Amino acid sequence: MSTVTIAHQEAKELVVKKLTEAGLNKEHAEKVAEILVHADLRNVNSHGVLRTEHYVNRLNAGGINPNANIQFNKTGPVTGVVDGDDGFGHVIADVAMKQAIEMAKENGIGMVTAINSSHCGALSYFVQEAAEQNLIGIAMTHTDKIVVPFGGKEAFLGTNPIAYGVPAKTSKPFILDMATSNVALGKILQYKEEGKEIPPGWGVDENGETVTDPGKVVALQTFGGPKGYGLSMIVDIFSGLLAGAAFGPHITKMYGDLDKKRKLGHYFCAINPAFFTDADAFLENMDQMMDEIRQAPPAPGFSQVFVPGEIEQMNEERNLENGITIASTVYQFLKK
Ligand SMILES: NC(=O)c1ccc[n+]([C@@H]2O[C@H](COP(=O)([O-])OP(=O)(O)OC[C@H]3O[C@@H](n4cnc5c(N)ncnc54)[C@H](O)[C@@H]3O)[C@@H](O)[C@H]2O)c1
């Protein structure tokens, strides 16, 4: 694949231009661009600026409200619901996490669901927002069906990611941000293009049997068999049902039904360690735990043990300086 490396600021400006030309208000376009570039900086390119073309198509088709009036309704001392008015998921999720953070600062915990939303990108952005304020952040979102339930032959669940961000005193935060499918469909398509076999457990064929030929994959499998499957349902329950949104097969497709509002739900939680233990000791203990894990002896074939999020944080440091690498086709679209 031909690629180009550009400064992250240029990528952000190009995305803002594309989205505002498609009618999105400037403030929301800036936030969406920031979150897409956040993903590319971490080399999570699947959720980076390459998604811009899809968002433009959905805006053009009327499937996203370009001037959403996002409202927060506080429902209790530590709870609330954000109504996204069918705007961009990135902006709606950002509002929801910020509200959870404010409640956690004051009352120890904040839990916010979001409704009438759309694709919100890489969850790491939101849990990092909490961790940067010395809070634990949790985020979940459901997505449209492409994953088989354990033992089932047809797709029912989405790739339903879950993310946790935990602060430390001197180290960068612990950031676990993972889809509950074993891998993304994009990775299987990449193996297909490269003529490589996939390991069993990534995807199933039309009979529901796990396959090694990437060309036969019609649906994905969860990680960890029934455990990942159970967690995937939990994500759909917290971000879908608890938010009052649809679940599994009833969710509007991302790629398709471009003119339909997606009505997605998300779930965010912020936890203030100071309400449970000595906050400073907690941060120091996080440092110690992560330091000790890093020093754990590596197994054959591994150079070292990494903390979740660490590889992406190293990518970010490097890419902030050297630029982000994206497909040439994506760059051409953004420049057009
Ligand atoms: N908004 C949506 O609808 C949606 C849907 C699916 C996925 N996503 C996003 O897609 C992105 C990619 O998800 P993914 O599941 O493919 O991520 P991934 O499999 O690349 O990584 C999952 C987690 O494992 C950690 N990890 C990976 N290698 C490691 C190692 N060697 N040592 C320690 N930790 C390691 C990573 O830091 C990360 O926290 C995420 O940002 C997710 O939020 C979003």
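## A walk through the buried strands and their neighbours

Let us begin at one rung of a sheet: Ile 138 has Tyr 164 in strand 6 as its bridge partner. Strands here are DSSP runs of E with at least two residues, helices are runs of H or I with at least four residues, and both are numbered from the N terminus. The model is a predicted one, in which local features need pLDDT of at least 70 and side-chain atom pairs count only at pLDDT 80 or more, while totals for chains, interfaces and linings use all residues. Residues are numbered from 1 along each chain as its sequence is written, and side-chain values use heavy atoms, with hydrogens and water left out.

The rung at Ile 138 belongs to a longer pairing, since strand 5 and strand 6 run antiparallel and are joined by 4 bridges. Two strands count as paired if DSSP finds at least two bridges between them. How many residues of strand 5 are buried? The count is 6 of its 6 residues, where buried means under 20% relative accessible area, exposed over 50% and partly exposed in between, with a 1.4 Å probe and protein chains only. Ile 136, Ile 138 and Met 140 lie on one side of strand 5, and Gly 137, Ala 139 and Thr 141 on the other, so both faces are covered.

Across in strand 6 you will find Ala 163. Its relative accessible area is 0%, so Ala 163 is buried. Leaving out residues up to four places away in sequence, Ala 163 touches Gly 137, Ile 138 and Ala 139, as well as Leu 123, Val 127, Leu 176 and Asp 177. A contact here means heavy atoms within 4.5 Å. From Ala 163 to Phe 126 the C-alpha atoms are 8.7 Å apart in space, with the two positions 37 residues apart in sequence.

Now turn to strand 10. Strand 5 pairs with strand 10 in the antiparallel sense over 6 bridges; on this pairing, Gly 137 stands opposite Ala 270, and Thr 141 has His 266 as its bridge partner. Strand 4 (residues 109-117) also pairs with strand 10 in the antiparallel sense, over 7 bridges, and there Ser 117 stands opposite Leu 264. Why is strand 10 described as largely enclosed by the rest of the structure? Because 8 of its 8 residues are buried. Leu 264, His 266, Phe 268 and Ala 270 point one way, while Gly 265, Tyr 267, Cys 269 and Ile 271 point the other way.

Helix 5 (residues 124-131) gives a similar picture: 8 of its 8 residues are buried, so the helix is largely enclosed by the rest of the structure. The elements covering helix 5 include helix 2 (26-41), helix 4 (89-107), strand 5 (136-141), strand 6 (162-166), strand 7 (174-178) and strand 10 (264-271). Within helix 5, Phe 126 deserves a closer look. Beyond its neighbours within four places in sequence, Phe 126 is in contact with Ile 35, His 90, Ala 93, Asp 94, Met 97, Cys 120 and Phe 268. Tyr 125, Phe 126 and Phe 268 also form one aromatic cluster.

Phe 126 is among the residues with the most contacts inside the largest nonpolar core, together with Leu 19, Val 49, Phe 88, Met 97, Ile 326 and Leu 334; this core has 55 residues. Helix 4 supplies its largest share, 9 residues. Such a core is a set of buried Ala, Val, Leu, Ile, Met, Phe, Trp, Tyr and Cys residues joined through side-chain atoms within 4.5 Å. Another core lies apart, with 15 residues, among them Tyr 267, Cys 269, Ile 271 and Met 286.

Finally, the rings. The whole structure holds 6 aromatic pairs, meaning rings of Phe, Tyr and Trp (its six-membered ring) with centres within 6.5 Å; planes under 30 degrees apart are stacked, over 60 edge-to-face and the rest tilted. Tyr 191 and Trp 202 make an edge-to-face pair, 5.1 Å centre to centre with 75° between the planes. Tyr 191 lies in helix 6 (residues 185-193) and Trp 202 in the loop between helix 6 and strand 8 (203-204), 11 residues apart. Phe 238 and Tyr 267 form an edge-to-face pair too, at 5.1 Å and 90°, linking helix 7 (residues 225-241) with strand 10. Phe 238 is partly exposed at 28% relative accessible area, whereas Tyr 267 is buried at 5%.
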